[in-house]
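This briefing goes through one protein chain, from its overall form to a handful of individual residues. Please look over the sequence and the structure before reading on.

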Amino acid sequence: PTLEKELLPLYFGWFLAKRDEDGMRKTSHEFLEQLGNLKAFKKRLLPYGCEDKQKLDLLKYFAKSPNILHCTAKYCDYGKVLGSEEYAQQEAVKKAYSKGYTLHISALFATPKTVGAQVELQPDQLLVWPADAEKEVMPKDTFPKGSRAHITLGTAADIQDVQTGIDLLEFIKLQQSGKDGEHLGDLTGAVAGKVSYYDNGMWLLNLSRKLEVKSIFSGYYG
Ligand code: ACK
């Protein structure tokens with residue numbers, strides 16, 4: 001039998017290569033460990049449902065982690081999402097499919113709901129970024145194309161992965177309004193950089209050295 005229609009995936013995205021995926025998980029652990037040990041963090045545990053100065057193990061707090069680390073480009077839900085057919089048929093998407101890309105990570109962040117990495121999409125990567133990706137979740141705001149690009153590293157109990165990109169846009173929204181967060185500490189080693197606090201338990205690490213991870217653009221059908 002022949003397939004009459006192309007099958008659409010759950011989502012299109014960039015999938016981290018195995019070695020870099022392992023490295024990214026280690027980096028994420030290192031980030032949560034160092035962040036959790038910051039004096040400033042220990043004094044601001046209330047948004048995480050903890051009394052101040054109580055012990056909070058962030059590795060346990062972010063109970064869930066995706067099976068495959070990736071940066072979602074277009075969520076299709078096997079075609080149920082409006083516009084996914086059109087997306088899949090774009091020349092740029094067909095051309096990018098199964099090709100290798102380097103993802104540039106400029107920051108890591110943690111909120112009471114999610115922990116993630118901010119991805120700075122490169123011009124060739126923006127070609128397959130949907131025009132409405134940011135509007136879809138924050139219709140009232142305007143963001144540069146690609147602002148939502150992220151890798152979900154973990155989520156708190158009962159939180160869906162889709163929340164990570166929304167949390168990232170919340171940081172960017174605050175930055176756009178001139179609120180750059182309060183510099184409350186520095187991390188070292190593989191996660192060296194400045195830690196800023198944005199209220200409501202929102203922490204952002206600006207990496208001194210951007211991370212580069214290898215990935216493949218493809219579809220997830222699982
Ligand atoms: O961490 P993520 O980007 O958030 O990767 C997963 C992936 O698709 C598989 O669930 C993302 N996702 C889920 N629902 C949506 C949605 N409505 N819009 C965009 N991305 C979504 C989720």
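The points below start with the whole chain and then turn to selected residues.

The model is predicted. The protein chain has 8 helices and 8 strands, and 49% of its 222 residues count as buried. Its radius of gyration is 18 Å, which agrees with the value near 17 Å that a compact globule of 222 residues would have.

**Overall form and surface**

- Along the principal axes, the C-alpha trace of the protein chain spans about 65 × 40 × 30 Å.
- Among contacts in the protein chain with a separation of 6 or more, 70% are made by residues 24 or more positions apart.
- The exposed surface of the protein chain comes to about 11900 Å², and carbon and sulfur atoms supply 52% of that area.
- The protein chain carries 29 positive and 29 negative charges, and the mean positions of the two sets are 4 Å apart.

**S106 in strand β3**

- S106 belongs to strand β3, which covers residues 100-110.
- S106 counts as buried because its relative accessibility is 6%, under the 20% cut-off.
- Beyond its neighbours within four places in sequence, S106 is in contact with Q118 and E120, and also with L205, N206, L207 and K210.
- One of these partners, L205, is 99 residues from S106 in sequence, while the two C-alpha atoms are 8.7 Å apart in space.

**Residues with positive phi**

- Most residues other than glycine have a negative phi.
- S98 is not a glycine, yet its phi is positive, at about 70 degrees.
- The place of S98 is the loop between α5 (91-96) and β3.
- N200 is also a residue other than glycine with a positive phi, here near 50 degrees.
- N200 sits in the loop between β7 (193-197) and β8 (203-220).
- With a relative accessible area of 59%, N200 is exposed, since exposed means over 50%.

**The start of helix α1 and the loop before it**

- A17 is found in the loop between β1 (11-16) and α1.
- The relative accessible area of A17 is 29%, so this residue is partly exposed.
- Not counting residues up to four places away in sequence, A17 touches K214 and S215.
- A17 and C50 are 33 residues apart in sequence, and their C-alpha atoms are 36 Å apart in space.

**E30 in helix α1**

- E30 lies in helix α1, which covers residues 18-37.
- E30 counts as partly exposed because its relative accessibility is 31%, which falls between the 20% and 50% limits.
- The side chains of E30 and Q34 are joined by a polar contact of 2.7 Å.
- From E30 to W14 the distance is 23 Å, C-alpha to C-alpha, with the two residues 16 apart in sequence.

**T142 in the loop between α7 and β5**

- T142 is part of the loop between α7 (133-137) and β5 (150-155).
- At 63% relative accessibility, T142 counts as exposed.
- Leaving aside neighbours within four places in sequence, T142 is in contact with K135 and Q176.
- T142 and K173 are 31 residues apart along the chain, and 8.7 Å separates their C-alpha atoms.

**Points to check in the viewer**

- Which residues does S106 contact beyond its neighbours within four places in sequence? They are Q118, E120, L205, N206, L207 and K210.
- Is N200 buried or exposed? N200 is exposed, at a relative accessible area of 59%.
- Which side chain does the side chain of E30 join in a polar contact of 2.7 Å? The partner is Q34.

Conventions. Residues numbered from 1 in each chain as written. Predicted model: local features only at pLDDT ≥ 70, side-chain atom pairs only at ≥ 80, totals over all residues. Heavy atoms only, no water. Helix = DSSP H or I, 4+ residues; strand = E, 2+ residues; numbered from the N terminus. Rg over C-alpha atoms; globule rule 2.2 N^0.38 Å. Buried < 20%, exposed > 50% of the residue type's maximum accessible area, 1.4 Å probe, protein only. Contact = heavy atoms within 4.5 Å. Areas by Shrake-Rupley, 256 points an atom, 1.4 Å probe, with all protein chains shown as cover. Lys, Arg positive; Asp, Glu negative; His and termini not counted. Charge placed at Lys NZ, Arg CZ, Asp CG, Glu CD. Polar contact = N/O pair within 3.5 Å; in protein donor to acceptor, adjacent residues only side chain to side chain.
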